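Here are some worked exercises to try with the coordinates open in your viewer. Each one sets a task and then goes through a solution step by step.

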Amino acid sequence: MPVPINIDNLNKVFDSRIRLGIMSVLMVNADQSYNDLKELLQITDGNLASHMKTLEENGYVKVEKGFIGRKTNTTYTVTKEGSAAFRVHLDALEKMIKGIL
Amino acid sequence: MNDPQRSLESIQDIRNMMERSSRFISLSGWSGISAGVCALVGAGFAYQYLHPVSKDFVMDTYEIMSVQTARNEVARFDSAAEGIISSALFWIGVITFVAAFASAFIFTYKKSKKQNIPIWGKASKRLMFSVMIPMIAGGIFMYRMIELGIFGLVAPACLVFYGLALLNASKYTLTEIRYLGIAQIILGLLNCWSIGYGLYFWAAGFGIMHIVYGLVMWWRYERN
């Protein structure tokens, strides 16, 4: 019997590969700088900024603006809500794959 | 999004990003090979220096001299540090280390550029710290051994502490490096009961083991 698939649990916010990538990095790294994220994901400033804004607006990530010397250093941390949402999304993905096996 | 193929791709993406950001996976096999070659060349120079005339003179006099003689040697200088920097062997070691580190860095830097992984990101910083802590502790420990005239245990201690550093590093990079670490620890411990043969153990550990490790890693990940 195939397990019923609950599509509602698949989070629309994580529909984008980039947002999913950002969340994956932040889940295993307490805080990650903007520049490192840019290099890991291989995307442009504008692109990263717009995806970050979506995640921020959903309350999934927290921004911290600091300085290293005179240079600005922006770091991101995943929030409790973000972490929970990511787990739910992962479970949904897992169920979906299990459903077809 | 309810397409199973896409779910699978998503999971692979997640895994890939988690791995790339939490471990520094750009350590190149070529780095191991080049560091090993530098170590063997350095050991060759050290051998020439220690055995200028008779090639079959195997025991290293520095390592087997009595603690009292060694202390008198150290006492000729204002401090142990001064004694160390006035020793040709120390400078052979420093040059070897710098050459090995620089050549290893170049290959790893190239690989990180190719994989689009920051060379000085969170993962590589963590790797660096995990290596540095046992290394610095080892350095201070060995300095004190020299001060006390326990020359014979310096070479084994070097291998043991380096092995521990690699073992510690295996949490933050490709895990196979733990086997290189364990090999260095074993060689260091064996060397504790073969005082006087430090240079041979160094050549085996820093030279041959690095090359073997580098070749295995190259075969596994970079052969294409």
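**Exercise 1. The hairpin and its sheet**

Which residue takes a positive phi in the hairpin of β2(A) and β3(A), and how many residues lie between the strands? Then work out the order of the strands in the sheet of chain A.

*Solution.* Keep in mind throughout that this is a predicted model.

Step 1. Begin at the turn: 2 residues sit between β2(A) and β3(A), and A:Gly69 has the positive phi, near 65°.

Step 2. Follow the two strands away from the turn. Strand β2 (residues 61-68) of chain A is antiparallel to β3(A) and is joined to it by 8 bridges. A:Ile68 faces A:Lys71 of β3(A), A:Lys62 has A:Thr77 as its bridge partner, and A:Val61 is partnered by A:Val78.

Step 3. Look for another partner of β3. Strand β1 (residues 32-33) of chain A pairs with strand β3 (residues 71-78) of chain A over 2 bridges, again in the antiparallel sense. Here A:Gln32 is opposite A:Tyr76.

Step 4. Put the pairs together. The 3 strands make an open antiparallel sheet in the order β1-β3-β2 (chain A). β1 and β2 of chain A are the edge strands, each pairing on one side only.

Step 5. Add the helix. Helix α1 (residues 17-28) of chain A lies across β1, β2 and β3 of chain A, at about 85° to β3(A).

**Exercise 2. Where the two chains meet**

Find how many residues each chain brings to the contact, and which helix gives the most on the side of chain B.

*Solution.*

Step 1. Count each side: chain A brings 21 residues and chain B brings 19 residues.

Step 2. Sort the chain B side by element. Helix α1 (residues 4-22) of chain B gives the most, with 12 residues.

Step 3. Sort that side by residue type: 9 are nonpolar, 7 polar and 3 charged.

**Exercise 3. The two faces of a helix**

Check the length of α1(B), then decide how its buried residues are arranged around the axis.

*Solution.*

Step 1. Compare the expected and modelled spans. At 1.5 Å a residue, the 19 residues of α1(B) should span 27 Å, and the C-alpha atoms at its ends are indeed 27 Å apart.

Step 2. List the buried residues of α1(B): B:Ser7, B:Ser10, B:Ile14, B:Met17, B:Arg20 and B:Ser21.

Step 3. Look down the axis of α1(B). The buried residues fall within an arc of 160°, so they line one face of the helix. This fits a general rule: an α-helix has 3.6 residues a turn, so residues three or four places apart point the same way.

Step 4. Turn to the face directed away from the buried side of α1(B), where the exposed residues are B:Gln5, B:Gln12, B:Arg15 and B:Asn16.

Step 5. Ask what the buried residues of α1(B) pack against. Their partners are α1, α2 (34-41) and α4 (80-100) of chain A, together with α7 (122-147) of chain B.

**Exercise 4. Two loop residues with positive phi**

Where do A:Gln42 and B:Asn116 lie, and are they buried or exposed?

*Solution.*

Step 1. Recall the background: most residues other than glycine have a negative phi.

Step 2. Take A:Gln42. Its phi is positive, near 55°, and A:Gln42 belongs to the loop between α2 and α3 (45-57) of chain A. A:Gln42 counts as exposed because it has 10 C-beta neighbours inside 10 Å.

Step 3. Take B:Asn116. Its phi is also positive, about 55°, and B:Asn116 is in the loop between α6 (88-115) and α7 of chain B. With 12 C-beta neighbours inside 10 Å, B:Asn116 counts as exposed.

**Exercise 5. A tryptophan in chain B**

Describe the fold of chain B in outline, then decide why B:Trp202 counts as buried.

*Solution.*

Step 1. Count the elements of chain B: 10 helices and 0 strands.

Step 2. Size up chain B: its C-alpha atoms fill a box of roughly 80 × 30 × 30 Å along the principal axes, and 38% of its 224 residues count as buried.

Step 3. Check how contacts in chain B are spread. Among those with a separation of 6 or more, 77% join residues 24 or more positions apart.

Step 4. Locate B:Trp202 in helix α10 (residues 198-222) of chain B. B:Trp202 counts as buried because it has 24 C-beta neighbours inside 10 Å.

Step 5. Name its contacts. Setting aside neighbours within four places in sequence, B:Trp202 is in contact with B:Ala43 and B:Ala155.

Technical notes
Residues numbered from 1 in each chain as written. Chains lettered and ligands numbered in written order. Predicted model: local features only at pLDDT ≥ 70, side-chain atom pairs only at ≥ 80, totals over all residues. Contact = placed C-beta atoms within 7 Å. Helix = DSSP H or I, 4+ residues; strand = E, 2+ residues; numbered from the N terminus. Nonpolar A, V, L, I, M, F, W, Y, C, P; charged D, E, K, R; others polar. Pairing = 2+ DSSP bridges. Axes fitted to C-alpha atoms, helices over the stretch in contact; angles between N-to-C directions. Expected span 1.5 Å × (residues − 1). Buried ≥ 20, exposed ≤ 12 C-beta atoms within 10 Å, placed from the backbone. Arc of directions from axis to C-beta.
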